[in-house]
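Here's a quick briefing for anyone meeting this structure for the first time. Have a look at it first, then we'll go through it topic by topic.

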Amino acid sequence: MLAGNTRYIMSRQQTSRTSDHVNTHIGERIRQRRLSIEMAGVALEHALDAAPGTVARYENGTKGIGAGQLFLLGRALDVPVSYFFDGLPTSTHETPVPNME
């Protein structure tokens, strides 16, 4: 039983590292876009109806972003949601999709 728990913990740690990497990447993309359109962080927080400091936490990758909030960020920054994922490396351990023919 311990071995099963160990695998779960390791898997959760790997997921956490991947999530942190994705949050950091998305945060960088938010900052790049916000600065490219010369929008202040406070203005973006206002557009999102977000608490003070929220945009800074997004941009630093210390706060995860839900799907709804990501959608609103795209609208506020005038980019599609896919913009935030551009340049994110794909996994080298992708599982092939079986042929359904």
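A residue is called exposed when its relative accessible area is over 50%, buried when it is under 20%, and partly exposed in between. By that yardstick Asp49 is exposed, because its relative accessibility is 74%. Keep in mind that this is a predicted model. With that said, here is what to look for.

**Loops and unusual backbone angles**

- Asp49 sits in the loop between α2 and α3 (54-60). Its phi is positive, at about 55°, even though Asp49 is not a glycine.
- Glu38 is another residue to check: its phi is near 55°, again a positive value in a residue other than glycine. You'll find Glu38 in the loop that runs between α1 (2-36) and α2 (41-48).
- Is Glu38 buried or exposed? Glu38 counts as exposed, because its relative accessibility is 76%.
- Asp78 comes just after α4, and its phi is positive too, at about 60°.

**Salt bridges**

- Side chains of opposite charge can pair when their charged atoms come close.
- How many salt bridges does a search of the whole structure find? The search turns up three.
- One of them joins Asp86 and Arg29, with the closest N and O atoms 3.9 Å apart. This pair links distant parts of the chain: Arg29 is in helix α1, Asp86 is in the segment after α4 (67-77), and 57 residues separate the two.
- The two partners in that pair sit in different settings: Arg29 is buried, with a relative accessible area of 15%, while Asp86 is partly exposed at 41%.
- Arg31 and Glu59 form a salt bridge as well, and here the closest N and O atoms are 3.5 Å apart. Arg31 belongs to helix α1 and Glu59 to helix α3, so this pair ties together parts that are 28 residues apart in sequence.
- Arg31 is partly exposed, at 29% relative accessibility, whereas Glu59 is buried at 5%.
- Glu59 also forms a salt bridge with Arg34, and the closest N and O atoms of that pair are 2.6 Å apart. Since Glu59 lies in helix α3 and Arg34 in helix α1, the pair ties together parts that are 25 residues apart in sequence.
- Glu59 and Arg34 are both buried.
- Put together, Arg31, Arg34 and Glu59 make up a network of salt bridges.

**The buried face of α4**

- Which residues of α4 are buried? They are Leu70, Leu73, Gly74 and Leu77.
- Look down the axis of α4 and these buried residues fall within an arc of 100°, so they line one face of the helix.

**The nonpolar core**

- In soluble globular proteins, nonpolar side chains tend to be buried together.
- The largest nonpolar core here has 13 residues, and the members that touch the most others are Ile30, Leu44, Leu48, Leu73, Leu77 and Phe84.
- Each of α1, α2, α3 and α4 supplies at least two residues of this core. Which helix gives the most? That's α4, with three residues.
- Phe84 is worth zooming in on. Leaving aside residues up to four places away in sequence, Phe84 touches His25, Ile26, Arg29, Ile30, Leu70, Leu73, Gly74, Leu77 and Val79.
- Those contacts include Leu70, Leu73, Gly74 and Leu77, which are the buried residues of α4. Arg29 is on the list too, and it is the salt-bridge partner of Asp86.

Note on methods
Residues are numbered from 1 along each chain as its sequence is written. This is a predicted model: local features need pLDDT of at least 70, side-chain atom pairs count only at pLDDT 80 or more; totals for chains, interfaces and linings use all residues. Side-chain values use heavy atoms; hydrogens and water are left out. Helices (H or I, at least four residues) and strands (E, at least two) are DSSP runs, numbered from the N terminus. Buried means under 20% relative accessible area, exposed over 50%, partly exposed in between (1.4 Å probe, protein chains only). A salt bridge is a side-chain nitrogen of Lys or Arg within 4 Å of a carboxyl oxygen of Asp or Glu. The arc is that of the directions from the helix axis to the C-beta atoms. A nonpolar core is a set of buried Ala, Val, Leu, Ile, Met, Phe, Trp, Tyr and Cys residues joined through side-chain atoms within 4.5 Å. Contact means heavy atoms within 4.5 Å.
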